[in-house]
Amino acid sequence: MGCFSIHHYVACHTCPLWPCGRCCVSNHEHFLTKVSSCVIFFLLMPILVVRDSRKECIDAIKHNLILNTNRWFPTHERATAVGISMGGFHLGNVISFLATPIIMSHIGLTGTFAFFASLGYLWLSVWLLNVESDPLDSCTISKSELQLILAGRSASKVQGSKFPSLRELLSKIEMWAIIVANVVNNWGYFVLLSWMPVYFKTVYNVNLKQAAWFSAIPWAVMALSGYVAGASADFLIKSGFSIALVRKIMQSIGFIGPGVSLLCLRFAQTPSVAAVLMTIALSLSSFSQAGYFCNVQDIAPKYAGSLHGLTNGIGTVAAIVSTIGTGYFVQWLGSFQAFLTLTAVLYFSATVFYNTYATGDQIFD
């Protein structure tokens, strides 16, 4: 995961990940899930070393995470499971921000890429040997745990139903609520991820070593807050709150919190205050994991991996535009604040749209 944050920009890449997710809903789910993981790493990891094309790998890992979370956890435990899993993703950012300058000083830039890529191969070997696509295929799960998982699944009402067409998917306003949330979340997330070190250097003249520490702290807090968000969402669901209401509450926190924090950033006079505000923004944005991120599993449990691939593919375009746009916007105006204000407005607008049209009901069978 550390490869994700070695550089502070997003490379110009879009990978058609939707078919990768879609192949996993065929009759050979277990085999294809592992094959997709294998192909992702053995084909893309060498590219990562040469071209810094790492987001495709990370996104594809998320699709497998969605698939396995949907199958391995009952509805009232999925947000917690996602929070724990994504905690590792955020801690990878912390490790890379702190460790990369040290590693680069010893083995250079190419060696650093190769080192992180080798960790990917190591992770892949563990995944292939231990992870099953479905708990029904596992030899290690207990009967009581299997019964708990199966009892908490969202059963499909129609057997052998076909995958919905793209036109049908995009005709549902509930689907657009998730797409818009994904787009805005990626927009804000990658603005902070890509430009945070540059922001501290430009605005506060914090040197690279200090910027690494300032940039790493928010991701550590984000890992913890993601778990808190997931556990809180699952607690509310088990307490009787509707899934739709819980998702909207979590998503509102995940958007309004960062939006307010970015607006307050203009009043920060010291790097310490700015670091606190960015930490608050990122930590609250992790509540989106218990919002739209899990909402995909609610509306289409059978096609969760595919739909996450579709929505996140669109969100990736927003990430590229926001990252590149930030550079031009700051160069043109000479200030980060205008672009951060625009990002805050997008957060608030997406909150209204999501809360108006999102649902917790299953709409794709």
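**Reading contacts and burial in an all-helix model**

Biologist: R247 forms a salt bridge with D298, the closest N and O atoms being 2.7 Å apart. What counts as a salt bridge here?

Modeller: Side chains of opposite charge can pair when their charged atoms come close. The cut-off is a side-chain nitrogen of Lys or Arg within 4 Å of a carboxyl oxygen of Asp or Glu. Before we go on, a caveat: this is a predicted model, where local features need pLDDT of at least 70 and side-chain atom pairs count only at pLDDT 80 or more, while totals for chains, interfaces and linings use all residues. Numbering starts from 1 along each chain as its sequence is written, and side-chain values use heavy atoms, with hydrogens and water left out.

Biologist: How many salt bridges does a search of the whole structure find?

Modeller: Just one. The R247–D298 pair links distant parts of the chain, with R247 in helix α9 and D298 in helix α11, 51 residues apart. Helices here are DSSP runs of H or I with at least four residues, strands are runs of E with at least two, and both are numbered from the N terminus.

Biologist: Are R247 and D298 buried or exposed?

Modeller: Both are buried. That word means under 20% relative accessible area; exposed means over 50%, and partly exposed is in between (1.4 Å probe, protein chains only). Across the protein chain, 53% of the 365 residues are buried.

Biologist: How many helices and strands does the chain have?

Modeller: It has 13 helices and zero strands, so don't go hunting for sheets. For burial along a helix, remember that an α-helix has 3.6 residues a turn, so residues three or four places apart point the same way. In α9, the buried residues include V246, R247, M250, F255 and L262.

Biologist: Why is α11 described as largely enclosed by the rest of the structure?

Modeller: Because eight of its eight residues are buried. Among them are Y292, F293, C294 and D298.

Biologist: How do I check the length of a helix such as α9?

Modeller: Compare its end-to-end distance with the expected span, which is 1.5 Å times one less than its number of residues. Helix α9 (residues 243-264) has 22 residues and should span 32 Å; its end C-alpha atoms are 32 Å apart, which agrees. Try α10 (residues 271-285) as well: it has 15 residues and reaches 21 Å from first C-alpha to last, close to the 21 Å expected. Its buried residues include A274, L277, M278 and L282.

Biologist: On to rings. How many aromatic pairs does the structure hold?

Modeller: Nine. A pair of aromatic rings is described by the distance of the centres and the angle of the planes. Rings of Phe, Tyr and Trp (its six-membered ring) pair if their centres lie within 6.5 Å; planes under 30 degrees apart count as stacked, over 60 as edge-to-face and the rest as tilted. The centres of F163 and Y303 are 4.9 Å apart and their planes are at 80°, so that pair is edge-to-face. F163 sits in the loop between α5 and α6, and Y303 in the loop between α11 and α12, 140 residues apart. F163 is buried at 16% relative accessible area, and Y303 is buried at 2%.

Biologist: What does the F255–Y347 pair look like?

Modeller: That pair is tilted, at 5.3 Å centre to centre with 50° between the planes. F255 lies in helix α9 and Y347 in helix α13, so the pair ties together parts 92 residues apart in sequence. Both F255 and Y347 are buried. Elsewhere, F89, Y189 and F190 form one aromatic cluster.

Biologist: Which charged residue lies over the face of F267?

Modeller: R266, at 5.9 Å from the ring centre. The test asks for NZ of Lys or CZ of Arg within 6 Å of the ring centre and within 35 degrees of the ring normal.
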